[in-house]
Amino acid sequence: MEKLRQTLRIRKERAILVAALLSARSDSDDLAELTALAESAGAVIVDRFQQKIRKINPATYLGKGKAHQLAQRVRRFKADVVVFDNDLSPNQIRELEELINIKVLDRSELILDIFATRAKTKQAKLQVELAQLEYTYPRLTRMWSHLDSVAGAGGGTAAGTVGGIGTRGPGEQQLEIDRRLVGKRITELKRELTNIDKRRIREIKGRSGLFKICLVGYTNAGKSTLLNTLTDAGVFVEDRLFATLDTRTRKWTPARGAEVLISDTIGFVKNLPHQLVASFRATLEEAVNADLLVHIIDVSNPDALNQIESVDSVLAEIGCGQNPTLKVLNKVDIVKKVGQLEMLQTLFVDAVAISAKTGLGLDRLSEVVTAKYRGDEVLLRVSSSQSNGKVQSFLRAHGQILNEQYLDSSVLIDAKLGRNQLAGLKRLHPDNLEVIQS
Ligand SMILES: Nc1nc2c(ncn2[C@@H]2O[C@H](COP(=O)(O)OP(=O)(O)OP(=O)(O)O)[C@@H](O)[C@H]2O)c(=O)[nH]1
Ligand SMILES: [Mg+2]
């Protein structure tokens with residue numbers, strides 16, 4: 001049994017997916033997302049097992065009868081691993097593994113594994129390692145309790161060493177040693193990450209003068225594709241979940257005179273493991289500091305509404321549930337379900353429909369973003385010396401000049417300008433500036 005949970009990797013393994021549904025709800029395919037997740041991790045799905053349960057069995061999550069059925073299917077399909085869509089306690093995992101004799105993973109462990117294989121930068125790697133240690137460690141250690149009875153069994157634990165031959169309870173001793181090692185590693189990781197985070201937060205704060213947009217959304221919604229289309233950023237895009245684990249920031253000019261910073265972030269998913277959200281907090285800092293969140297929605301996904309809800313709840317968890325947000329309905333070029341786009345447009349009347357791939361709707365998106373960047377329009381009367389040409393150029397670039405009147409040495413201008421640009425105009429020191437109507 002100790003072999004079962006040395007690694008949580010399921011690449012190329014034959015997997016049975018299990019969803020235990022507590023409610024009677026059966027409106028959507030509850031295993032669709034787990035299927036995508038498991039495939040992303042590289043597993044070959046050999047069977048899917050959806051079961052309605054009336055209550056959670058504390059020992060095995062599923063009732064005993066259902067668990068036995070599962071064991072039979074494991075044998076029939078020669079499966080290597082069972083992945084639950086539910087989160088299981090360490091005890092439930094142990095009991096299930098004893099019963100069906102192959103590795104059992106829960107949803108969070110699967111997500112953590114995908115993150116581990118995707119992490120490329122030092123920061124992402126440290127963040128994932130920390131989340132994994134915090135989530136998985138107690139679960140792995142529970143598996144070692146059996147070592148009590150196989151004293152001196154040698155090898156086979158995640159840390160690779162086992163206590164001396166013949167000593168009583170090497171499992172317990174090993175547990176103690178590993179607990180200390182893991183505790184030390186967690187402290188180290190936290191220290192390293194704090195340093196990187198501080199640098200990163202300084203970097204983000206350093207951009208405070210500029211208007212910042214952060215792309216957020218469910219994994220695979222098309223955030224990186226949009227960033228690439230808008231800015232030629234060359235960000236990794238792939239039809240798999242969690243393609244992006246790092247944020248990338250680029251300049252974007254949605255209209256003449258309007259320059260904004262736009263960042264990509266990691267994708268969200270339903271029930272993102274709490275430890276991951278905590279570890280990735282610095283990466284998500286881009287979202288917290290953004291002037292505008294652009295929420296990308298994959299309208300071709302039949303589950304789009306639930307995905308929107310999941311994203312909103314992660315946003316609330318990281319503390320930006322109240323930030324100004326623009327919803328963008330992406331992938332309109334491939335929406336299949338009749339009425340889906342119309343339904344979402346009715347629910348979110350301000351949403352902009354686009355295709356990041358074909359470019360459809362991007363002009364409208366630029367317009368809406370520019371309007372948010374500029375803020376509500378105000379009517380101004382500005383007077384400036386004729387030698388200070390910058391004031392006129394600024395108004396021409398950012399606003400709309402309604403009337404110009406040339407006096408002796410000055411010019412009197414009536415213009416419309418976005419409220420957010422008043423500060424920029426003031427920096428050019430016009431002789432007089434009066435807001436006539438706001
Ligand atoms: N047909 C179509 N496909 C799109 C569109 N936008 C994105 N895609 C595809 O959707 C898949 C996911 O796109 P990404 O840009 O990687 O999605 P993401 O939101 O960055 O995903 P994560 O980084 O995993 O969170 C890719 O295969 C894209 O080519 C679109 O407007 N139309
Ligand atoms: Mg991406």
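The legends below describe close-up views of a predicted model.

**View 1. Helix 1 packs against helix 4.**
Two packed helices are described by the angle between their axes and the distance between the axes. Helix 1 covers residues 32–40 and helix 4 covers residues 107–118; their axes lie 9 Å apart and make an angle of about 40°. Angles under 35 degrees count as roughly parallel and those from 65 to 115 as roughly perpendicular, so helix 1 is oblique to helix 4. The crossing of helix 1 over helix 4 is left-handed. On the helix 1 side the contact consists of Leu34, Leu37, Ala38 and Ser40, and on the helix 4 side of Arg107, Leu110, Ile111 and Ile114. By type, these contact residues are 6 nonpolar, 1 polar and 1 charged.

**View 2. Four strands form an open antiparallel sheet.**
Strands of a sheet pair through backbone hydrogen bonds, either parallel or antiparallel. In this sheet the order of the strands is 12-13-11-14, and the pairing is antiparallel. Strand 12 (400–406) and strand 14 (432–437) are the edge strands, each of them pairing on one side only. From one strand to the next the twist averages 20°. Helix 13 (residues 389–398) packs on the sheet, where it touches strand 11 (377–385), strand 12 and strand 13. The direction of helix 13 makes about 30° with that of strand 13.

**View 3. Strand 12 and strand 13 form a hairpin.**
The two strands of this hairpin have 3 residues between them. Strand 13 spans residues 410–418, and 6 bridges pair it with strand 12 in the antiparallel sense. Tyrosine 406 stands opposite valine 411 of strand 13, while glutamine 400 has lysine 416 of strand 13 as its bridge partner. Strand 12 has 7 residues and the number buried is 0, so this strand lies largely in the open.

**View 4. Strand 7 pairs with strand 5 and with strand 6.**
Strand 5 (residues 211–217) runs parallel to strand 7 (residues 258–264), and the two pair over 4 bridges. Within this pair, lysine 212 stands opposite leucine 261 of strand 7. Strand 6 (residues 248–255) runs antiparallel to strand 7 and is joined to it by 6 bridges. Here alanine 255 is opposite alanine 258 of strand 7. Strand 6 and strand 7 form a hairpin with 2 residues between them. Glycine 257, in the turn of this hairpin, has a positive phi of about 80°.

How values were computed:
Residues are numbered from 1 along each chain as its sequence is written. Chains are lettered from A and ligands numbered from 1 in the order in which they are written. This is a predicted model: local features need pLDDT of at least 70, side-chain atom pairs count only at pLDDT 80 or more; totals for chains, interfaces and linings use all residues. Axes are lines fitted to C-alpha atoms, for helices over the stretch in contact, and angles run from 0 to 180 degrees between N-to-C directions. Angles under 35 degrees count as roughly parallel, over 145 as roughly antiparallel, 65 to 115 as roughly perpendicular and the rest as oblique. A crossing is left-handed if the near helix is turned anticlockwise from the far one by less than a right angle, and right-handed if clockwise. Two residues are in contact if their C-beta atoms, placed from the backbone, lie within 7 Å. Ala, Val, Leu, Ile, Met, Phe, Trp, Tyr, Cys and Pro count as nonpolar, Asp, Glu, Lys and Arg as charged, and the others, Gly among them, as polar. Two strands pair if DSSP finds at least two bridges between them. A residue is buried if 20 or more other C-beta atoms lie within 10 Å of its own, exposed if 12 or fewer, and partly exposed in between; C-beta atoms are placed from the backbone.
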